[in-house]
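Got the viewer open? Here is a short walk through this one, from the whole chain down to a single residue.

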Amino acid sequence: MHTFDHSTAESTVNGVLTVTRWEQFPQVEALPFGGMWYSVAPLSASPLDQHPDVELSLVMRGDAEVETDGKRVRVPQGSAFLLDSSEGHVI
């Protein structure tokens with residue numbers, strides 16, 4: 001088993017986003033996918049984003065509002081959302 005301790009990791013702040021990439025942990029080389037922690041400052045929005053990877057996000061604290069294809073969906077704490085690579089999104 002591998003664990004990833006967020007408190008020991010280096011993060012970057014980009015506007016309202018704080019991003020901590022898993023690539024900095026040596027055990028990640030064995031994973032068949034990429035991963036990261038990210039947070040959006042309360043009452044803020046991420047920039048519009050679209051990328052070639054499928055994105056699975058878990059809402060750990062507070063509620064998230066996700067906008068894609070002109071629709072907004074509230075995702076409550078403890079839930080998750082999955083975005084396809086074709087979906088531009090704002091969180």
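How far apart are the mean positions of the positive and negative charges of the chain? Colour by charge and take a look: there are 5 positive and 13 negative charges, and their mean positions sit 10 Å apart. Keep in mind that you're looking at a predicted model.

Now switch to cartoon. You'll find eight strands and zero helices, so to speak a β-β-β-β-β-β-β-β read along the sequence. Orient the view along the principal axes, and the C-alpha atoms fill a box of roughly 40 × 25 × 25 Å.

Next, turn on the surface. About 6800 Å² of the chain is exposed, with carbon and sulfur atoms supplying 55% of that area. As for what's tucked away, 26% of the 91 residues count as buried. If you like contact maps, pull one up here: of the contacts between residues at least 6 apart in sequence, 40% join residues at least 24 apart.

Time to zoom in. Select residues 64–68, which make up strand 5, and go to Thr68 within that strand. Is Thr68 buried or exposed? Thr68 counts as buried because its relative accessibility is 15%, and the cut-off for buried is under 20%.

What is Thr68 in contact with, once you set aside its neighbours within four places in sequence? Add Glu87, Gly88 and His89 to your selection: those are the residues that Thr68 touches. With these three shown as sticks beside Thr68, you've reached the last stop.

Key: Residues are numbered from 1 along each chain as its sequence is written. This is a predicted model: local features need pLDDT of at least 70, side-chain atom pairs count only at pLDDT 80 or more; totals for chains, interfaces and linings use all residues. Side-chain values use heavy atoms; hydrogens and water are left out. Helices (H or I, at least four residues) and strands (E, at least two) are DSSP runs, numbered from the N terminus. Buried means under 20% relative accessible area, exposed over 50%, partly exposed in between (1.4 Å probe, protein chains only). Contact means heavy atoms within 4.5 Å. Accessible areas come from the Shrake-Rupley method with a 1.4 Å probe; for residues, only the protein chains shown count as cover. Lys and Arg count as positive and Asp and Glu as negative; His and the chain ends are not counted. The place of a charge is taken as NZ of Lys, CZ of Arg, CG of Asp or CD of Glu.
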